[in-house]
Amino acid sequence: MLSLLAAAALVLSPPWRQVAPGVDVAPATEMGGDAAWAARVVLIDPARAQLLVRYDPSRPTLSQWRTRFPGALAIVNGSFYSVEGAEVRPTCDMVMEGKRLRGAGCLRQDALFFGAVPRPSDSVAAAQMVSREPPVKTPRFLSAADFKPEQWLEALKSFPSLVRGGVAGCSGPHYCAEVSRTAALAQLRDGRLLIFASQW
C-alpha cells in the first residue's frame with residue numbers, strides 16, 4: 001500500500017496523470033495493453049511515497065482493505081495465502097512493522113525479495129531525527145543472498161519473477177506456459193517502481 005509523503009512532482013507526458021507528488025497513473029490500454037484490459041499502471045518514485053507491507057490471516061476483501069487504509073493510493077496483492085490445517089499463512093516470507101512472518105512455502109529460486117522500508121541503525125536513526133534526512137537504503141529488489149530480514153521494517157518475498165535484469169524469467173519447466181492474471185511489482189533501472197496487473 002502507498003501513502004503520500006510531501007515532495008516535488010515528477011512531470012510526465014500523457015497518457016500519464018499525476019495523482020500525488022511522485023505518483024503517476026496511466027490506463028494500461030494506452031500503454032499497449034489489450035482494449036479489453038481494464039487496468040491501470042502506477043509509476044512511483046520511492047523517495048516520495050511510502051510502501052507498507054500488511055498481512056491479515058482473515059483474508060480481507062479489497063473493499064475492506066480500502067476501508068482500513070482510506071489514504072492509500074494503491075493496494076496491491078504482494079503475496080498469496082496458503083491454508084495449513086487451521087492456519088492461514090502468507091505463501092512467502094515477509095517483514096511487517098519490523099517483525100518477520102514466516103511464509104508457508106515460496107521456496108523456488110526465482111522468487112523475488114523486495115525491501116520497502118529499511119530499519120535504521122540506532123546511530124543512523126538518531127542522526128536522521130536531527131537532520132530529517134531519508135534512510136540511506138531505498139526500496140528495491142534484492143537477491144536471496146542480499147536479503148537480510150533484520151535490516152528491514154517492511155519487506156516481502158513473492159513469486160514469480162517475470163523479468164530479471166531486463167530478461168524474461170523463464171527458468172524452469174513450463175514456467176512461461178503458465179498463465180495467471182495478478183498484480184505485479186517492477187523496478188526500473190532508475191529506481192522508480194511500477195505497479196500493474198499482469199495480463200495473462
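**View 1. Pairing of strands β8 and β12.** Strand β8 (residues 94-96) and β12 are joined by 2 bridges in the antiparallel sense. Within this pairing, Val95 has Ala155 of β12 as its bridge partner. The model shown here and in the other views is predicted.

**View 2. Strand β12 and its surroundings.** Strand β12 covers residues 152-158, and 6 of its 7 residues are buried, so the strand is largely enclosed by the rest of the structure. Buried here stands for under 20% relative accessible area. Strand β10 (residues 112-118) runs antiparallel to β12, and 6 bridges join the two. In this pairing Phe114 stands opposite Leu156 of β12.

**View 3. The open sheet that contains β12.** Five strands make up this open sheet, in the order β9-β8-β12-β10-β11, and their pairing is antiparallel. At the edges stand β9 (99-101) and β11 (140-142); each has a single partner strand, so one side of each is left without a neighbour in the sheet. On average, neighbouring strands of this sheet are turned by 30 degrees against each other, direction ignored. The edge strand β11 pairs with β10 over 3 bridges in the antiparallel sense. Phe114, which stands opposite Leu156 in β12, also stands opposite Phe141 in β11. Strands of a sheet pair through backbone hydrogen bonds, in either a parallel or an antiparallel manner.

**View 4. The open sheet β2-β3-β4-β16-β15.** This open sheet has 5 strands in the order given in the title, with antiparallel pairing. Its edges are β2 (17-20) and β15 (183-187), each with a single partner strand, so one side of each is left without a neighbour in the sheet. From one strand to the next, the twist averages 25 degrees. Strand β2 and strand β3 (residues 23-27) run antiparallel and are joined by 3 bridges. Arg17 stands opposite Val25 of β3.

**View 5. The second largest pocket.** The second largest pocket holds about 410 Å³ of space. It is lined by 19 residues, of which Arg40, Arg66, Ala74, Ile75 and Val76 are the closest to its centre. At least two lining residues come from each of β4 (40-44), α1 (62-68) and β16 (193-197). The largest share, 3 residues, is that of β16. By residue class, the lining consists of 15 nonpolar, 1 polar and 3 charged residues. Two of the elements named here, β4 and β16, are also strands of the sheet in View 4.

How values were computed: Residues numbered from 1 in each chain as written. Predicted model: local features only at pLDDT ≥ 70, side-chain atom pairs only at ≥ 80, totals over all residues. Heavy atoms only, no water. Buried < 20%, exposed > 50% of the residue type's maximum accessible area, 1.4 Å probe, protein only. Pairing = 2+ DSSP bridges. 1 Å grid on protein atoms, 1.4 Å probe; cavity = no way out; pocket = protein on both sides within 12 Å on 5 of 7 lines; lining within 4 Å. Points joined across faces, edges and corners; volume = space filled by probe spheres on them. Nonpolar A, V, L, I, M, F, W, Y, C, P; charged D, E, K, R; others polar. Axes fitted to C-alpha atoms, helices over the stretch in contact; angles between N-to-C directions.
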